[in-house]
Amino acid sequence: MTPQPTPTDQHYPHLFAPLDLGFTRIRNRVLMGSMHTGLEDRARDFPRLAAYFAERAEGGVGLMVTGGFSPNLVGWLKPFGGKLSWPWEVRPHKFVTAAAHEHGAKICLQLLHAGRYGYHPLTVAPSKLKAPINPFTPRALSSRGVERQITAYADAARRAREAGYDGVEVMGSEGYFINEFTAPRTNKRNDAWGGTPEKRMRFAVEIVRRVREACGPDFIIIYRLSMLDLVEDGNQWQEIVAQAKAIEAAGATIINTGIGWHEARIPTIVTSVPRAAFVDVTAKLKPHVALPLITSNRINMPDVAERILAEGIADMVSLARPLLADPQWANKARAGKAQAINTCIACNQACLDHVFENKRASCLVNPRACAETELNYDKTFAPKRVAVVGSGPAGMACATVAAERGHRVTLFDAATEIGGQFNYAKKIPGKEEFHETLRYFAHRLEETGVSLKLSTPVSADMLKDFDEVVLATGITPRRVDFPGADHAKVLSYVDVLSGRVTVGRNAALIGAGGIGFDVAEYLVHEGGHSSTLDPARWMAEWGVDPTFEARGSVVPARPEPPAREVWLLQRSAGKPGARLGKTSGWVHRATLKAKKVQMLGGVEYLGVDDAGLRIRVEGVEQLLAVDHVVVCAGQEPRRDLQVDLLAAGITPHLIGGADVAAELDAKRAIDQGSRLAASL
Ligand code: FAD
Ligand code: NAP
Ligand code: SF4
């Protein structure tokens with residue numbers, strides 16, 4: 001089913017070719033993949049959920065999939081999570097389906113039974129095996145219990161149809177319930193539902209067959225197939241091909257690609273995963289089935305998506321987080337304005353991390369995501385002259401939103417380029433995506449007509465003629481005060497990342513927060529080059545079988561040797577890195593471990609001299625004979641201008657690091673800048 005270019009879509013012709021499914025037609029090849037937002041669990045949040053989908057449908061997406069809804073209570077992801085098992089649960093969904101259809105998109109409901117990943121005591125599974133990432137042990141189902149689950153799927157699908165959905169996505173991957181049946185790792189049964197590959201896949205096939213029976217021929221059934229389990233004892237390639245064929249024969253309309261179980265120790269979506277890293281597995285399945293295939297994971301820009309479709313790797317591309325970041329993604333691509341896309345940098349900080357913390361999802365680069373009904377950048381009736389000092393994330397967000405609303409905005413920075421600390425972040429191996437945020441804001445500043453004054457250190461007297469003054473001047477790195485803190489060996493992370501100093505073969509890092517971890521990554525990679533830009537190197541480093549033939553596609557990892565010997569130190573007791581992001585911290589810790597970085601907590605710094613750094617740990621003094629000591633000890637607000645402004649009778653607004661430096665990240669900086677600008 002090779003897409004046919006049409007003359008109107010010259011920029012990405014394959015991406016914007018419609019997909020004809022026989023009984024229905026999808027307007028293009030962009031699928032908005034399923035994401036849990038936290039708005040699915042209570043009926044009262046559905047109007048907000050509808051607004052969220054409406055913006056993405058209006059933004060040109062072809063087909064959307066909701067976050068997961070369980071077909072019954074035991075399949076809950078968490079207590080009182082979204083489910084569709086009772087007649088009265090249908091009505092709120094009608095807001096969502098109407099919103100999507102009003103803007104020409106199709107929408108499917110995802111049926112997600114959590115199985116042993118459910119975070120509650122009622123969980124069920126093919127076998128009584130606790131997941132390593134969940135404290136709850138599931139109950140093994142009887143044969144009658146298995147039948148009841150299948151019926152629940154069919155009933156829920158029928159209700160989805162009643163609610164106006166164009167179809168359902170049956171979640172068969174990521175280590176959830178159905179995947180637990182298909183894999184020998186979690187299915188130890190010896191009855192009709194386990195024991196041989198055919199019996200293990202029977203549950204999945206029966207669900208698709210019964211859903212088709214319940215919903216009729218003109219209903220989309222997407223089956224999300226785990227093409228790479230990325231765990232020991234996962235499925236083997238021939239078993240995956242057999243599953244795909246049987247699912248097709250059972251009546252599925254489309255097969256979507258699922259990559260990696262949640263308990264896998266191989267990252268699948270964080271920013272250091274190469275773009276489109278796993279699409280070759282979809283390509284490998286293509287010759288074996290006739291139905292359309294969707295490919296997925298780390299596809300965030302239209303050139304990547306177009307290449308995948310043009311090369312015949314898949315028939316549709318799934319983008320999830322990129323549509324949180326920019327609801328207008330498809331319209332911008334279609335208009336040939338890829339430069340205007342607010343690109344998802346795969347940080348997980350405001351989306352997945354929030355979901356894991358039981359908070360509503362949003363997006364670091366787009367604070368309006370999932371806040372569409374409350375955070376709006378309406379035109380102002382009283383334009384003001386606004387000065388924003390500092391063009392880091394906070395200042396760029398504030399200036400562009402204020403200008404979008406109609407204010408006359410001047411953005412000052414002492415530096416020669418916009419971006420503030422993002423210019424250091426982008427140099428960290430595995431954080432190459434941060435370049436995209438800088439590209440987006442450069443474009444957006446121009447588009448909104450912000451007057452940009454670079455290489456301009458600002459003093460209070462320059463700000464007299466403005467109606468509003470915003471200080472987004474960021475931070476200064478914290479200094480340390482132990483003996484020898486001024487020794488030539490002692491550097492700041494700024495000295496290192498700006499390239500002012502070349503670090504020797506051995507280094508100790510003081511401070512193991514986000515920046516300490518990032519600087520360690522920078523130092524262990526020679527010349528700062530990571531495998532993120534080279535999928536083959538990346539797969540070798542993480543132990544992914546590039547042929548996808550090994551069971552679970554897991555092979556021994558072959559990490560490249562570190563470029564330097566690095567010590568990563570903190571004063572607090574416990575393991576460094578405990579406060580890093582929930583869904584990405586483990587990846588940073590695993591990378592540094594593979595690079596033999598020595599991480600120490602409970603460290604007392606005694607001083608630096610020509611011999612190196614002297615420390616005491618658990619009462620024992622040690623000398624780390626390092627060439628350099630790099631200080632990554634946190635930051636202090638930089639707001640010297642505030643005093644002069646107040647003296648001149650001007651009360652500035654403070655945002656980002658200039659406001660509070662502790663626990664500062666770009667998520668808060670952009671959110672605070674945008675919200676202030678929305679209120680001016
Ligand atoms: P800044 O980015 O510090 O910008 C302040 C700007 O003000 C600077 O450009 C400065 O030149 C300018 N300025 C200051 N004084 C004046 C003056 N008087 N006149 C004119 N201009 C002035 N955050 C995350 O969320 N996720 C990450 O993965 C992440 N990784 C990071 C990696 C590294 C290596 C670093 C260093 C930081 C990272 N951060 C990350 C933190 C993030 O970059 C900061 O939280 C964010 O940049 C703070 O934004 P800000 O706008 O408040 O200040
Ligand atoms: P941080 O996370 O606050 O870490 C500072 C580190 O320095 C801690 O390990 C702290 O541990 C140590 N420290 C503090 N005061 C010290 C002192 N006086 N002497 C010696 N050590 C001291 O700050 P950061 O690493 O500078 O990061 C700044 C912000 O950027 C963070 O808030 C972070 O969220 C953000 N960031 C995020 C990411 C990300 O991937 N999400 C990446 C980079 C940065 P002890 O007190 O135990 O020694
Ligand atoms: Fe992408 Fe980060 Fe936004 Fe999530 S928070 S959608 S990963 S940019």
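In this predicted model, 22 residues surround ligand 2, and those that come nearest are Ala512, Ile515, Arg571, Ser572 and Leu664. By residue type, the shell around ligand 2 holds eight nonpolar, eight polar and six charged members. Two domains each supply at least three residues to this shell. They are domain 2 (385–476 + 636–679) and domain 3 (485–525 + 562–633). Among the contributors to the shell, helix 16, spanning residues 514–524, gives the most, with three residues.

Polar contacts to ligand 2 involve both backbone and side-chain atoms of the protein. On the backbone side, a polar atom of Arg571 is 2.8 Å from an oxygen atom of ligand 2. A backbone N or O atom of Leu664 also lies 2.8 Å from an oxygen atom of the ligand. Arg478 uses its side chain: an N or O atom there is 3.2 Å from a nitrogen atom of ligand 2. Taken alone, ligand 2 exposes 900 Å², and the protein buries 77% of that area.

Ligand 3 has its own set of neighbours. The space that ligand 3 takes up is the largest cavity. Around ligand 3 stand Arg321, Leu324, Cys344, Ile345, Ala346, Cys347, Asn348, Ala350, Cys351, Cys363 and Leu364. This shell divides into nine nonpolar residues, one polar and one charged. The charged residue is Arg321 and the polar one is Asn348. Cysteines recur in the list, namely Cys344, Cys347, Cys351 and Cys363.

Technical notes: Residues numbered from 1 in each chain as written. Chains lettered and ligands numbered in written order. Predicted model: local features only at pLDDT ≥ 70, side-chain atom pairs only at ≥ 80, totals over all residues. Heavy atoms only, no water. Near = heavy atom within 4 Å. 1 Å grid on protein atoms, 1.4 Å probe; cavity = no way out; pocket = protein on both sides within 12 Å on 5 of 7 lines; lining within 4 Å. Sits in = over half its atoms within 2 Å of the grid points. Nonpolar A, V, L, I, M, F, W, Y, C, P; charged D, E, K, R; others polar. Polar contact = N/O pair within 3.5 Å; in protein donor to acceptor, adjacent residues only side chain to side chain. Areas by Shrake-Rupley, 256 points an atom, 1.4 Å probe, with all protein chains shown as cover. Helix = DSSP H or I, 4+ residues; strand = E, 2+ residues; numbered from the N terminus. Domains from an automatic or database assignment.
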